[in-house]
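User: I'm new to this one. Can you walk me through it?
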Amino acid sequence: MGSAYSMLTQYDIEEVQDYCGFLFSQQEIVTLYQRFCQLDKNSKGFISADEFLSVPEFAMNPLSQRLLKMTDGLNFKDFVAFLSAFSPQASLQQKIEFIFKVYDKDNKGKVTYNDILLVLQDLTGSFMSEKQREQVLDHVLEEAGYTRECFLLLDDFIKILGHPGVKMEVEVPVD
């Protein structure tokens with residue numbers, strides 16, 4: 001998996017599958033590699049934040065700045081691992097772990113009230129006032145048995161979000 005112009009070997013494909021928990025088929029890995037090569041405009045073997053922003057759906061995402069911190073400098077294996085959370089085969093726990101990483105801006109393993117409030121601000125923009133966001137968040141936390149002063153750990157996220165119906169799926173179109 002050297003330069004972006006080299007081809008994936010069967011070994012490379014199987015290695016990436018193993019690294020990502022076999023959430024993508026071999027054909028999907030090949031398709032993702034082709035997309036990775038398109039994004040890696042300088043053929044450096046990794047994707048920069050600017051290259052990620054060339055994907056319109058990514059650039060338009062209200063959480064793009066948070067996601068950029070998770071994606072800057074990804075090599076191909078890490079690129080596929082990043083996308084694994086969006087696979088229909090990913091477990092609910094894997095999806096929740098990804099969501100937790102989005103909220104855990106400083107990577108300290110805990111999410112504060114203000115962390116969640118900032119994500120809500122990114123998601124709602126000017127459609128909600130600061131007071132409305134605080135009211136919504138206070139209500140959600142209270143319903144789940146938490147307060148503003150609580151730190152949420154990954155286990156807390158799993159408790160809150162770990163019910164059927166959480167969807168985070170994308171399909172990888174194969175030729």
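Analyst: Here is a short tour, from the overall layout to single residues. Keep in mind that this is a predicted model.

User: Fine. How many helices and strands are there in the protein?

Analyst: The protein has ten helices and two strands. Starting at the N terminus, the order is α-α-β-α-α-α-β-α-α-α-α-α.

User: And what share of the residues counts as buried?

Analyst: Of the 175 residues, 39% count as buried.

User: What about contacts between residues that are 24 or more positions apart?

Analyst: Take the contacts in the protein with a separation of 6 or more. Residues 24 or more positions apart account for 60% of them.

User: Let's get to packing. At what angle do H2 and H6 pack?

Analyst: H2 covers residues 26–39 and H6 covers residues 76–84. They pack at about 115°, and their axes are 10 Å apart. H2 and H6 are therefore roughly perpendicular to each other. Their crossing is right-handed.

User: Which residues make that contact?

Analyst: H2 brings Ile29, Leu32, Tyr33, Phe36 and Leu39. H6 brings Phe76, Phe79, Val80 and Leu83.

User: How do the residues of the contact of H2 with H6 divide into nonpolar, polar and charged?

Analyst: Nine are nonpolar. None is polar and none is charged.

User: H6 again. How does H1 pack with H6?

Analyst: H1, residues 10–19, packs with H6 at an angle of about 40°. The axes are 9 Å apart. H1 and H6 are therefore oblique to each other. H1 also passes H6 in a right-handed crossing.

User: Which residues meet there?

Analyst: From H1, Glu15, Val16 and Tyr19. From H6, they meet Phe76, Lys77, Asp78, Val80 and Ala81. The residues of this contact divide into five nonpolar, no polar and three charged.

User: I see plenty of rings. How many aromatic pairs are there?

Analyst: The count comes to twelve aromatic pairs. One of them joins tyrosine 103 and phenylalanine 157. That pair is edge-to-face, with 5.4 Å centre to centre and 65° between the planes.

User: Why does that pair tie together parts that are apart in sequence?

Analyst: Tyrosine 103 lies in helix H7 (residues 92–103) and phenylalanine 157 in helix H10 (residues 154–161), so the pair ties together parts 54 residues apart in sequence.

User: Is tyrosine 103 buried or exposed? And phenylalanine 157, buried or exposed?

Analyst: Tyrosine 103 has 18% relative accessibility, so it counts as buried. The cut-off for buried is under 20%. Phenylalanine 157 has 5% relative accessibility, so it counts as buried too.

User: Which residues do ring pairs link into a cluster?

Analyst: Tyr33, Phe36, Phe52, Phe58, Phe76, Phe79, Phe82, Phe86 and Phe98 are linked into a cluster by ring pairs. Tyr33, Phe36, Phe76 and Phe79 also take part in the contact of H2 with H6.

User: New topic. At what angle do H8 and H9 pack?

Analyst: H8 and H9 (residues 130–143) pack at about 125°, with axes 10 Å apart. H8 and H9 are therefore oblique to each other. The crossing of H8 and H9 is right-handed.

User: Which residues make the contact?

Analyst: On H8, Tyr113, Ile116, Leu117, Leu120, Gln121 and Thr124. On H9, Glu130, Arg133, Glu134, Leu137, Asp138 and Leu141. They divide into six nonpolar, two polar and four charged.

User: Tell me about glutamine 121. Where is it found?

Analyst: Glutamine 121 is found in helix H8, which spans residues 113–124. At 35% relative accessibility, glutamine 121 counts as partly exposed. Leaving out residues up to four places away in sequence, glutamine 121 touches Glu130 and Arg133.

User: And how many residues apart in sequence are glutamine 121 and leucine 63?

Analyst: They are 58 residues apart in sequence. In space, they are 9.8 Å apart, C-alpha to C-alpha.

User: Last one, backbone angles. What is phi of phenylalanine 22?

Analyst: Phi of phenylalanine 22 is near 60°, a positive value in a residue other than glycine. Phenylalanine 22 sits in the loop between H1 and H2. Serine 43 is not a glycine either, and its phi is positive, about 50°. Serine 43 is in the loop between H2 and strand E1 (46–47).

Terms used: Residues are numbered from 1 along each chain as its sequence is written. This is a predicted model: local features need pLDDT of at least 70, side-chain atom pairs count only at pLDDT 80 or more; totals for chains, interfaces and linings use all residues. Side-chain values use heavy atoms; hydrogens and water are left out. Axes are lines fitted to C-alpha atoms, for helices over the stretch in contact, and angles run from 0 to 180 degrees between N-to-C directions. Helices (H or I, at least four residues) and strands (E, at least two) are DSSP runs, numbered from the N terminus. Angles under 35 degrees count as roughly parallel, over 145 as roughly antiparallel, 65 to 115 as roughly perpendicular and the rest as oblique. A crossing is left-handed if the near helix is turned anticlockwise from the far one by less than a right angle, and right-handed if clockwise. Contact means heavy atoms within 4.5 Å. Ala, Val, Leu, Ile, Met, Phe, Trp, Tyr, Cys and Pro count as nonpolar, Asp, Glu, Lys and Arg as charged, and the others, Gly among them, as polar. Rings of Phe, Tyr and Trp (its six-membered ring) pair if their centres lie within 6.5 Å; planes under 30 degrees apart count as stacked, over 60 as edge-to-face and the rest as tilted. Buried means under 20% relative accessible area, exposed over 50%, partly exposed in between (1.4 Å probe, protein chains only).
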